[in-house]
Amino acid sequence: MDQATQRPRFRTDVAMGVLLAWGVCALLYLDVAARLEAGASDGLAAWLRAATRGGVISPLDAWASAMRRLACAVTLVSLPFVFPAMWRDRRALAARVVGESTKETVAFLRIVVATILLVTTFVEDLPSVARLPASAARPKGVMLLVLGIPGVADAARSPAVLQGLVWGTRGLLGLSLLGLGGRRMVLTAAVSTFLFGGLLRTYANAFHAGLLPIWLLLVLACFRCTDAWSLDAWQSGPPQWASSGERRAHYGWARYTFFGVLSLAYVAAGASKLFNGGPWWWEPDNLRVILAMDALNPMELPFRVGLPMATGPAWPLALLGLAAVLTELGMLGMLFSQRARWVMPAAMLATHVGIAVMQNVLFADLILVLGLYYAQVLTDRCSPCASTFLRRRTAPDVESPDGSADGHVITLGAPSGSARDTRPFMAFASVFLVANLAGVEFYPLTGMQMYSRRNHDGVVRYNRIVTVDDRGREREALPQQWVRALRDSRCRFHLHRCFGEGDDGLACDDFMRGFAHHLETTGTPDANHVVALEVQEWRWSIRDHRDDPDHGAVSSRVRIPIVGRRVAHAP
């Protein structure tokens, strides 16, 4: 039997195998879900909760999350068999969707990302974490290995060492911005920034702000990103390492990998909501809890628009939640569609503005990076080579030594790039897919599982730190005034520890006593003396008592007396 006759039979067998796998998954899901609903406790819940991180809070939720991830994995693996023609012609397809780019565009990406990270090192106060007690550390991901090296953990507690790391990172980022040292310097700057962010997250919540630009800088380190607008180019002149067409293909893959990683990160964020929260994650009651929680926690931005939204009608909440999920998932279209490349960044920018206003969470770094989609049109005009990423144009095929075109014109016949050019995209895409499908949270790997848990009971849970004076009056106290690195409500995991047992309780006691000592030594005496520092756990059933003016009540509290010189109030 010839190959043409065998192919339909092969595709039929593959389709039957995929359907059989889905059927087994469905039966397994129904069986285990029934046992979990019946209250079976056979050790399965603990295993599922460990395997499907990201905020799932019940065994049934954990099992449903695991099965959704498995179903998505089966679908992805089966795609090459379902669409064999596209898989066979993947190189030609890549040439069409990747297109060509210019050295100026890639250099512009390097400059902007290095600038964003450089500004971040000035905004974040890493040396302030040395004021925290040693028990406050909770290393994440690779930082467990780094801090496990003898002597490193003690050195990381020194303000001088932390300050040295800060200035070293700034210097490396500055050299990367200027384009001195080539890709090795960019890679070194990315690794240093990973350490900077890892130490910052060791003493705070696992936040995502500022993480993606580090990945993007690592992407640029895989390509020739200093061929233009750099000290390297000024010293060595125009690149002569390949033909004009091969250079444009190389720069095209650099840009495609850069924006592809950004797009996949958003897709991972949207997919995690469906994995952990289910297809009805966007329903109004869940959105009410999310908006109210961020409005009541001590976030850095002053907006409180989310609280009126959380207590308002249901249809705007459902519309906003559905739009957020669809926009994040729609970023996948940027890998294939030029129309999507014009529309989706603007839609995502609008989403970030809404998040900043309603949730008081500002992703300034991502807003700037999204703007690069449109800024690259200007950088393309700085070169005789043309970019086909945003629009299709003709381009000179060969450049003369002085940079002018020789008149030979091409359209979509761009070189698809060498195997070396395609490997970074495949590697980064695989890492993001595996991290998302497995629910990995191992810094710097992340499934982008932000707000992915679906709330079922309609109860808003939040914590507050207050000072209590000798008249019993309370005033909010903000730990970021003691340790600037804990800004934007990054101290929440420290407060959660206060209501735990064993080591968590002792760590909370150390944290609160350190904060109390800060209040003792920096306050201004007054008639109304502060006598205690208190952590409160609040609960508000927003589903049943939406109009509660007090936004719930204190369900539990931990009080630390302030001894010695009394102070008037938290500074």
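Two strands count as paired if DSSP finds at least two bridges between them. With that in hand, here are some exercises on this predicted model.

**Exercise 1. The sheet**

Work out the strand order of the open four-stranded sheet, and find which strands stand at its edges.

*Solution.* Start with the order, which is β6-β5-β7-β8, with antiparallel pairing. Next, look at the two ends: β6 (474-476) and β8 (553-561) each have a single partner strand, so one side of each has no neighbour in the sheet. From one strand to the next, the twist averages 35 degrees.

Now go to the pair β5 and β7. Strand β5 covers residues 459-469 and strand β7 residues 530-541, and 11 bridges join them in the antiparallel sense. As a check on the register, find N463: the residue opposite, in β7, is E537.

**Exercise 2. Helices against the sheet**

Identify the helix that lies across β5 and β7, and give its angle to β5. Then describe how helix α21 packs on the sheet.

*Solution.* The helix across β5 and β7 is α14 (residues 284-296), which runs at about 15 degrees to β5. Helix α21 (residues 503-522) touches β5, β7 and β8, and its direction makes about 130 degrees with that of β7.

**Exercise 3. Two helix residues and their surroundings**

Decide whether V289 is buried or exposed, and list its contacts beyond four places in sequence. Do likewise for T193.

*Solution.* Begin with V289, which is found in helix α14. The cut-off for buried is under 20% relative accessible area; V289 has 8% relative accessibility, so it counts as buried. Leaving aside neighbours within four places in sequence, V289 is in contact with N455, G458, V459, V460 and I542. For a sense of how the chain folds back, take V289 and W540: they are 251 residues apart in sequence, yet their C-alpha atoms are 9.3 Å apart in space.

Turn to T193, in helix α10 (residues 182-202). Its relative accessibility is 4%, so T193 is buried. Outside the four-place window, T193 is in contact with L117, T169, L173, I214 and Y443.

**Exercise 4. The ends of α17**

Compare the span of helix α17 with the expected one, then inspect what happens at each end.

*Solution.* Helix α17 (residues 338-359) has 22 residues and reaches 31 Å from its first C-alpha to its last, close to the 32 Å expected at 1.5 Å a residue. At the N-terminal end, S337 acts as the cap, with a side-chain oxygen 3.3 Å from the backbone nitrogen of R339. Just after the helix, N360 takes a positive phi of about 60 degrees.

**Exercise 5. Cysteines**

How many disulfides does a search of the whole structure find? Describe the link, then explain why the sulfur of C491 is not bonded to that of C498.

*Solution.* The search finds one disulfide. The bond joins C498 to C508, with an S to S distance of 1.9 Å. The link is right-handed, with 85 degrees about the S-S bond. C498 lies in the loop between α20 (492-497) and α21, while C508 lies in helix α21, so the pair ties together parts that are 10 residues apart in sequence. Both C498 and C508 are buried.

C225 is in no disulfide: the nearest cysteine sulfur, that of C222, is 9.5 Å away. C225 is buried, with a relative accessible area of 1%. For C491, the closest cysteine sulfur is in C498, at 9.7 Å, which is too far for a bond. C491 is also buried, with a relative accessible area of 2%.

Definitions and conventions: Residues are numbered from 1 along each chain as its sequence is written. This is a predicted model: local features need pLDDT of at least 70, side-chain atom pairs count only at pLDDT 80 or more; totals for chains, interfaces and linings use all residues. Side-chain values use heavy atoms; hydrogens and water are left out. Axes are lines fitted to C-alpha atoms, for helices over the stretch in contact, and angles run from 0 to 180 degrees between N-to-C directions. Contact means heavy atoms within 4.5 Å. Buried means under 20% relative accessible area, exposed over 50%, partly exposed in between (1.4 Å probe, protein chains only). The expected span of a helix is 1.5 Å times one less than its number of residues. A polar contact is a pair of N or O atoms within 3.5 Å; within protein, one must be able to donate a hydrogen and the other to accept it, and residues adjacent in sequence count only if both atoms are side-chain atoms. A disulfide is a pair of cysteine sulfur atoms within 2.5 Å.
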